[in-house]
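Biologist: Thanks for sitting down with me over this one. Could you bring the structure up so that we can go through it together?

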Amino acid sequence: MKGRAYLAIGSVFLGCCGAVVFLESLVKLDPGAGNLITAAQFAFIALEGFIFTAKFGWAKRVVSLRDYALLVAMFFLTSVCNNYVFHLNVGMTLHMIIRGGSLISNMCLGILVLKRRYQPRQYVAVVMITIGIFICTYFSSRQVEVAAGEDLLTAAAMFWWFVGVFLLVLALFISSYMGITQELLYRKHGKCAREALFYTHLLPLPAFLCLHDNIRSHWNLALASEPYTLPGLGGVAVPLLLLYLLGNVLMQHLCISSVYYLTTECSSLTVTFILTLRKFVSLVFSIIYFRNPFTLYHWLGTVLVFAGTLLFADVFGSKRKTVKTH
């Protein structure tokens with residue numbers, strides 16, 4: 001690999017892992033801040049895209065706005081769902097594990113929509129991922145019950161937790177269908193990933209007006225949060241939640257941009273391997289640094305999910321073939 005590829009890999013780990021750390025720090029202090037986080041991410045990436053991709057509106061658009069409509073609606077829905085579930089008692093570790101099971105939804109929709117056929121190895125991999133997610137989900141639900149104890153709110157807490165898990169799974173399938181829509185869009189218009197990134201973040205911005213009460217209340221909570229004194233700036237203090245929000249937005253942008261650049265420098269198998277390894281590192285860091293509850297059963301489920309992902313992509317098998325050819 002070239003030096004630029006190694007730089008992209010380093011940026012993926014820094015950006016994506018950093019975004020997860022800031023996100024978890026934020027939702028631990030304010031679990032309902034999901035809509036605020038999503039709106040801030042969309043606004044920042046749209047602004048950056050307006051300057052560097054759209055060239056302040058002077059750049060010629062490749063894809064029509066009508067063709068972007070379905071893509072934009074799906075992206076907005078998945079982004080809101082993925083960040084809102086923290087308000088429904090879904091923990092960060094389970095959040096990462098379920099989102100790591102995207103191959104299940106990809107395969108299901110690939111068979112139904114694109115009429116694709118898969119190898120037996122890939123079916124085995126999807127079964128492993130499914131079992132792994134089921135194990136983690138089941139034992140996480142037990143922890144919700146234990147946390148609620150004999151309280152009268154036990155049933156309500158469990159109900160909203162299941163709603164959160166359902167929204168995560170729904171977002172997983174919508175995200176996979178969005179990937180198929182992107183693939184069909186690129187076949188028609190050619191690869192225009194930077195443009196798609198800009199418009200999928202710009203066009204949904206008016207939809208956040210429907211959530212303005214929620215966003216405003218959590219913005220006020222962020223402003224009123226504990227002040228953090230920035231070192232070396234003469235005692236300048238910033239609300240801690242705002243600092244976490246800014247860190248998440250910047251790291252999320254670095255993450256998305258680096259993944260995009262990585263796809264231009266490496267094969268899809270290498271990208272799959274890097275992203276899977278990144279998710280595993282984020283998960284382990286979350287467990288150790290934030291001391292999230294994680295039992296032996298969670299580890300078993302996690303290993304099944306990530307091993308299934310690598311088996312599906314045949315990462316190591318492909319690497320052996322490459323070595324033999326050389």
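Biologist: Let me begin with T137: does this residue count as buried or exposed?
Modeller: Happy to help, and please keep in mind that this is a predicted model. T137 sits in helix α6, which covers residues 120-148. Its relative accessibility is 16%, and the cut-off for buried is under 20%, so T137 counts as buried.

Biologist: Which residues does T137 touch, not counting those up to four places away in sequence?
Modeller: Leaving out residues up to four places away in sequence, we look for partners from elsewhere in the chain. One of them, L94, belongs to the buried residues of α4, and so does I98. The full set touched by T137 is L94, I98, W161 and V165.

Biologist: How many residues of helix α4 are buried?
Modeller: Helix α4 runs over residues 92-99 and is mostly covered. Its buried residues are M92, T93, L94, H95, M96, I97 and I98. Out of eight residues in the helix, the number buried is seven.

Biologist: N82 caught my eye too; which residues does N82 touch, not counting residues up to four places away in sequence?
Modeller: N82 is part of helix α3, residues 65-84. With a relative accessibility of 11%, N82 counts as buried. Its contacts, with the same sequence neighbours left out, are H95, R99, L168 and A171.

Biologist: Cysteines matter to me at the bench, so which cysteines form a disulfide?
Modeller: The count comes to one disulfide. The sulfur atoms of the pair are 2.0 Å apart, and the cut-off is within 2.5 Å. The two partners are C16 and C255.

Biologist: How many residues apart in sequence are the parts that the C16 and C255 pair ties together?
Modeller: C16 lies in helix α1 (residues 3-29), while C255 lies in helix α10 (residues 240-265). C16 is buried at a relative accessible area of 4%, and C255 is buried at 11%. Because the pair links these two helices, it ties together parts whose separation in sequence is 239 residues.

Biologist: And C17, how far away is the nearest cysteine sulfur?
Modeller: C17 is in no disulfide. C17 is buried, with a relative accessible area of 14%. The nearest cysteine sulfur belongs to C16, at a distance of 6.9 Å.

Biologist: Turning to the aromatic pairs, what kind of pair do F42 and F208 make?
Modeller: The structure holds 18 aromatic pairs. For F42 and F208, the ring centres are 5.4 Å apart and the planes are at 75 degrees. An angle over 60 degrees is what the class requires, so this pair is edge-to-face.

Biologist: Which parts of the chain do F42 and F208 come from?
Modeller: F42 is buried at 2% relative accessible area, and F208 is buried at 7%. They also belong to one aromatic cluster, formed by F42, F75, F76 and F208. The parts they tie together are 166 residues apart in sequence: F42 is in helix α2 (residues 34-52), and F208 is in the loop between α8 (193-202) and α9 (212-223).

Biologist: How many salt bridges are there, and which helices hold R194 and E48?
Modeller: The structure holds three salt bridges. In one of them, the side chains of R194 and E48 meet at 3.4 Å, N to O. R194 is partly exposed at 23% relative accessible area, whereas E48 is buried at 14%. The pair ties together parts 146 residues apart in sequence, because R194 lies in helix α8 and E48 in helix α2.

Biologist: What about K188, is this residue buried or exposed?
Modeller: The side chain of K188 meets that of D67 in a salt bridge at 3.6 Å, N to O. K188 lies in helix α7 and D67 in helix α3, so the pair ties together parts that are 121 residues apart in sequence. D67 is partly exposed at 22%, but K188 has a relative accessibility of 58% and counts as exposed.

Biologist: Last one: about how much accessible area does the nonpolar surface patch with Y177 have together?
Modeller: Y177 is in helix α7, residues 154-189, and is partly exposed at 33% relative accessible area. The patch is formed by L70, I111, L112, V113, Y123 and Y177. Together their accessible area is about 530 Å².

Conventions
Residues are numbered from 1 along each chain as its sequence is written. This is a predicted model: local features need pLDDT of at least 70, side-chain atom pairs count only at pLDDT 80 or more; totals for chains, interfaces and linings use all residues. Side-chain values use heavy atoms; hydrogens and water are left out. Helices (H or I, at least four residues) and strands (E, at least two) are DSSP runs, numbered from the N terminus. Buried means under 20% relative accessible area, exposed over 50%, partly exposed in between (1.4 Å probe, protein chains only). Contact means heavy atoms within 4.5 Å. Patches are made of residues with over 30% relative accessible area and no salt bridge: like charges are joined within 9 Å, nonpolar side chains (Val, Leu, Ile, Met, Phe, Trp, Tyr) within 5 Å. Accessible areas come from the Shrake-Rupley method with a 1.4 Å probe; for residues, only the protein chains shown count as cover. A salt bridge is a side-chain nitrogen of Lys or Arg within 4 Å of a carboxyl oxygen of Asp or Glu. Rings of Phe, Tyr and Trp (its six-membered ring) pair if their centres lie within 6.5 Å; planes under 30 degrees apart count as stacked, over 60 as edge-to-face and the rest as tilted.
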